[in-house]
Amino acid sequence: MADQPPRTARRAPGRVRLRRELTTEPGRLLCALLLALVSTAAALAVPLLVQKIITDFSAHRPLGPDVLLMCAATIGSALTQALSGFLLARIGERMTYRLRTRIMDHTLRLPLPVARAQGTGELTARITSDALLLRQAVEVITQLPLATLTVAATLLVMVWIDWVLTLVTVVAFAVLTVLVLLVVRRMKANVNGQQDAVGHISQRFTANLEALTTIKAYRAEPMAARTLAAAAERLRAVSLEGARLNALIPPAVSLGNQFAMIAVILTGGARLAAGSLDVAAFAAFLLYLLQTVPSIGALATGFSRLQASLAARDRCSALLSLAPESDPRDTPRTAPTPRPQAPSVVFRKVSYTHTGSDDPALRGISFTAARTGLTAVVGPSGAGKSTALSLIDRFIRPTSGSITVLGHDTRHWPLDELRARIAYVDQAFTLLEATARENLQLGRERHAGADELAAALDAVGLTDDITRLPQGLDTPLGRESDLSGGQRQRMALARALLSDADIVLLDEPTSQLDGINEHRFRAIMEDLAATRAVIVVAHRLSTVQHAHHVIMMNRGTVLDAGNHPTLLERCTPYRDLVTSQTIPPP
Ligand SMILES: Nc1ncnc2c1ncn2[C@@H]1O[C@H](COP(=O)(O)OP(=O)(O)OP(=O)(O)O)[C@@H](O)[C@H]1O
């Protein structure tokens with residue numbers, strides 16, 4: 001299986017194909033349809049049996065068997081309807097599960113800038129409200145043909161009873177159809193608007209929750225509440241328009257039905273008086289007419305619900321059509337072997353402009369980081385240091401130029417393989433909502449033994465902190481139990497220590513460490529740098545003094561590179577940066 005594409009090399013799943021989704025369980029679907037058909041047929045038999053009972057009653061014939069048959073048909077219809085409904089619900093739930101997992105899986109594989117541009121709330125709306133709207137397509141898509149079949153079958157029986165009354169009924173229903181179609185046409189645009197507004201409010205709400213500390217600290221609750229209320233107002237207005245359209249459907253259906261009823265009663269009355277229609281047939285006809293009412297209603301609401309499902313399908317399709325970050329069309333299938341003598345990372349004339357920005361964050365930068373040892377990237381805020389680090393892990397791709405990792409262009413590495421070679425500690429020292437043990441072992445192919453975990457925790461000085469957690473290493477982190485900023489930072493370092501990566505990227509790793517831990521951190525870096533390449537972005541120059549190689553950046557360019565003493569001597573901006581720090585030059 002060596003020529004199989006790697007796990008992350010996959011194309012965008014593409015459009016949601018409702019028909020294919022609905023027919024993934026053909027046996028169960030057929031069973032549900034057959035049961036629904038039996039239920040409909042049993043319900044259709046009831047008026048005919050009533051007609052027969054009335055005729056037998058008038059002729060003083062025994063009623064027993066027909067009454068029993070009528071009871072059996074009524075109960076059988078109800079039971080088969082319930083069973084069919086359950087089977088359809090099961091199909092619907094499975095379809096929703098598949099869609100949700102596909103959407104979540106695809107979202108996790110989107111390029112970072114694309115996922116960020118979509119927004120957390122918007123993306124969440126796809127697996128919540130949109131998935132629910134899509135789920136109702138299962139009922140609708142079976143409800144529509146069944147309702148059509150019921151109406152058609154009923155009309156046929158009605159023709160058989162009396163074709164004149166049937167003609168009157170069809171004309172009345174035609175009026176109803178025109179009314180309903182007029183409403184349904186406007187439905188889809190409205191549902192799209194509603195779902196956009198749902199996405200917008202989720203997005204706003206999530207963003208505000210993420211910034212809750214800042215909101216509270218600056219007493220910005222009223223301002224945040226106002227922006228949220230504006231989003232809620234937008235949703236209210238568009239939902240109200242939808243409710244207005246929806247509210248038109250039942251009266252349209254009832255108007256059409258009443259129109260049919262009046263027309264049939266008048267025509268039937270006249271034909272009864274003329275003797276061209278008997279009472280039993282007229283009663284049966286009226287029962288059939290009454291029986292079509294729910295089916296006609298189901299047809300009308302079914303069409304409007306279908307519009308909602310189609311709108312949700314389009315929104316999910318749009319997300320699923322976004323290209324994943326690792327596309328088989330531009331991702332190699334086999335991992336290259338690292339070149340033994342090659343540097344860990346080489347940037348050659350690399351430029352990068354963030355999406356939506358006109359100003360390049362990197363302007364043709366070139367630098368080399370050795371295969372082992374500590375490389376520090378320094379420079380004022382906004383120099384492009386984090387952007388450079390993101391390019392190494394291929395979170396983003398250069399606009400021009402090339403980046404080589406372990407002797408091979410990053411484009412020639414399958415993404416999984418590339419990232420397996422790199423440990424990345426971000427500025428937020430992110431921990432997943434998982435246990436401390438799982439957090440420590442993130443990205444490892446094999447589980448770390450107890451000794452390895454203990455050694456890593458000891459190295460970063462976290463042994464006591466983790467022991468104090470309610471369930472030690474097995475404490476779930478993120479909600480009730482959490483760690484301080486500095487502890488998180490050290491967890492992220494322990495994770496890097498435990499990884500098998502050849503390259504360790506650290507973005508501002510000392511910002512939340514106290515003096516003791518900062519000292520400990522330098523020891524860890526030296527330890528790591530003995531066998532691996534450590535590339536560290538740092539504002540604190542206490543770290544940088546011990547680096548083997550320092551890259552000085554400013555405004556998206558590399559101003560100079562060399563060791564600390566050399567740069568101190570020849571690079572004025574570097575000297576200024578050093579003298580602005582509390583750490584004195586050696
Ligand atoms: N997602 C983004 N979209 C648009 N522009 C961005 C984005 N991220 C960064 N930038 C811009 O790119 C430039 C480089 O940013 P970068 O974060 O790489 O700088 P830095 O040197 O790491 O800064 P700091 O030390 O403050 O973290 C900045 O001008 C910044 O405004």
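Student: What share of the 586 residues in the protein is buried?
Tutor: This is a predicted model. In it, buried residues make up 35% of the 586 residues.

Student: What makes a residue count as buried rather than exposed?
Tutor: Count the other C-beta atoms within 10 Å of its own. With 20 or more, the residue is buried; with 12 or fewer, it is exposed. In between, it is partly exposed.

Student: Then what makes Arg394 buried or exposed?
Tutor: Arg394 has 21 other C-beta atoms within 10 Å. The cut-off for buried is 20 or more. Therefore Arg394 is buried.

Student: And what makes Lys349 buried, exposed or partly exposed?
Tutor: Lys349 has 13 other C-beta atoms within 10 Å. Exposed needs 12 or fewer, and buried needs 20 or more. So Lys349 is partly exposed.

Student: What is notable about phi in Lys349 and in Arg394?
Tutor: Lys349 has a positive phi of about 45°, although it is not a glycine. Arg394 is not a glycine either, and its phi is positive, about 55°.

Student: Where do Lys349 and Arg394 lie?
Tutor: Lys349 lies in strand β1, residues 345–352. Arg394 is in the loop between α10 and β4, where β4 covers 400–405.

Student: Let's step back to the whole chain. How do you know whether the protein matches a compact globule?
Tutor: Compare the radius of gyration with the rule. A compact globule of 586 residues would have a value near 25 Å. The protein has 35 Å. The values do not match. The C-alpha trace spans about 120 × 45 × 45 Å along its principal axes.

Student: How many helices and strands are there?
Tutor: The protein has 19 helices and 10 strands. As for contacts, take those between residues at least 6 apart in sequence: 79% of them join residues at least 24 apart.

Student: What makes β4 and β5 count as paired strands?
Tutor: Pairing needs at least two bridges. β4 and β5 have 2 bridges, in the antiparallel sense. So the pair meets the cut-off. Val405 stands opposite His408 in β5. The two strands form a hairpin with 2 residues between them. In that turn, Leu406 has a positive phi of about 50°.

Student: Which sheet holds β4 and β5?
Tutor: An open sheet of 4 strands, in the order β2-β1-β4-β5, with antiparallel pairing.

Student: Why are β2 and β5 called edge strands?
Tutor: Each of them pairs on one side only. β2 covers 362–369 and β5 covers 408–409.

Student: How do you know that β1 pairs with β2 and with β4?
Tutor: Set the bridge counts against the cut-off of at least two. β1 has 5 bridges to β2, running antiparallel. β1 also has 5 bridges to β4, again antiparallel. So both pairs qualify. For example, Val345 has Ala369 in β2 as its bridge partner. Ser351 stands opposite Ser400 in β4.

Student: Which strands make up the sheet with mixed pairing?
Tutor: It is an open sheet of 6 strands, ordered β6-β7-β8-β3-β9-β10. Its edge strands are β6 (422–425) and β10 (557–562). Neighbouring strands are turned by 15° against each other on average, direction ignored.

Student: What makes β3 and β8 a pair?
Tutor: The cut-off is at least two bridges. β3 (373–378) and β8 (533–537) are joined by 5, and they run parallel. So they pair. Leu374 has Val534 in β8 as its bridge partner.

Student: Which strands does helix α10 lie across?
Tutor: Helix α10, residues 385–392, lies across β3, β6, β7, β8 and β9, at about 150° to β7. α10 also lies across β1, β2 and β4, at about 115° to β1.

Student: Last, what surrounds the ligand, and which residue of the shell is charged?
Tutor: The shell includes His354, Ala361, Ala383, Lys385 and Thr387. It divides into 2 nonpolar, 9 polar and 1 charged. Lys counts as charged, so Lys385 is the charged one.

Key. Residues numbered from 1 in each chain as written. Predicted model: local features only at pLDDT ≥ 70, side-chain atom pairs only at ≥ 80, totals over all residues. Near = placed C-beta within 6 Å. Rg over C-alpha atoms; globule rule 2.2 N^0.38 Å. Contact = placed C-beta atoms within 7 Å. Axes fitted to C-alpha atoms, helices over the stretch in contact; angles between N-to-C directions.
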